[in-house]
Amino acid sequence: MIARVVKDASYTAPADAPLVRPAEDPDIFAIVAVVNENARLGHLLPRSPENIRSSLPNWLVAEVGGRVVGIGSLVAMNPALVEVRSLAVLPEYRAYGIGALIVRELVEQARARGIPVIVDGAHAFAHFPFTRDELGCDYYATSLHKWLFAPYDCAALIYREPWLAKAVH
């Protein structure tokens with residue numbers, strides 16, 4: 001059972017616990033459906049099945065009751081840096097912590113390769129209760145002007161201490 005992060009009587013938690021796993025060929029059209037639903041809402045850029053297929057080893061899916069309800073990918077920026085990208089959860093499954101589960105698994109994949117992780121959380125900050133430590137990432141960047149009405153171009157970078165020392169030296 002998933003505990004809803006934000007208590008709201010209009011939502012009922014899904015009955016099954018989410019399973020986060022590597023994406024497989026049969027998941028391609030489900031990934032495209034999640035991407036395109038979020039593209040329709042203005043959260044992601046649309047992707048084709050061919051695009052997903054070409055990068056399938058980079059993708060994770062979260063499924064509930066056999067349905068793909070969340071996605072995320074880990075993209076190598078260079079040999080020493082990866083980015084969590086295309087993180088999305090279907091609207092009816094948001095606020096159950098599924099996105100955070102996906103991020104944690106992607107961070108673990110990067111850590112296994114000894115690579116620090118940046119999460120660009122421009123749209124998540126101030127919308128969901130979480131900490132950088134809960135996500136496990138090394139850097140969390142966000143735009144404060146988008147949702148907190150700070151002056152334009154205000155941002156925050158939240159970092160894990162050991163990685164900052166390496167980045168500065």
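A residue is called buried here when its relative accessible area is under 20%, and that cut-off serves as the starting point for reading this predicted model. Asp 27 has a relative accessibility of 7%, and therefore counts as buried. In the fold, Asp 27 lies in the loop that runs between β1, residues 19–22, and α1, residues 28–40. Leaving aside residues up to four places away in sequence, the contacts of Asp 27 are with Arg 21, Pro 22, Val 61 and Val 68.

From this loop one can step back to the chain as a whole, which contains six helices and seven strands, arranged along the sequence in the pattern β-α-α-β-β-β-α-β-α-β-α-β-α. The chain has 169 residues, of which 38% count as buried, and its accessible surface comes to about 9,400 Å², with 59% of that area belonging to carbon and sulfur atoms. When contacts between residues at least 6 apart in sequence are considered, 51% of them join residues at least 24 apart.

The interior can then be followed through the largest nonpolar core, which has 38 residues, and within which Ile 31, Ile 71, Tyr 93, Ile 98 and Val 117 have the most contacts. Two or more residues of this core are given by each of the elements α1, β2 (59–64), β3 (67–78), β4 (81–89), α3 (98–112) and β5 (117–120), and it is α3 that provides the largest share, namely seven residues.

Key: Residues are numbered from 1 along each chain as its sequence is written. This is a predicted model: local features need pLDDT of at least 70, side-chain atom pairs count only at pLDDT 80 or more; totals for chains, interfaces and linings use all residues. Side-chain values use heavy atoms; hydrogens and water are left out. Helices (H or I, at least four residues) and strands (E, at least two) are DSSP runs, numbered from the N terminus. Buried means under 20% relative accessible area, exposed over 50%, partly exposed in between (1.4 Å probe, protein chains only). Contact means heavy atoms within 4.5 Å. Accessible areas come from the Shrake-Rupley method with a 1.4 Å probe; for residues, only the protein chains shown count as cover. A nonpolar core is a set of buried Ala, Val, Leu, Ile, Met, Phe, Trp, Tyr and Cys residues joined through side-chain atoms within 4.5 Å.
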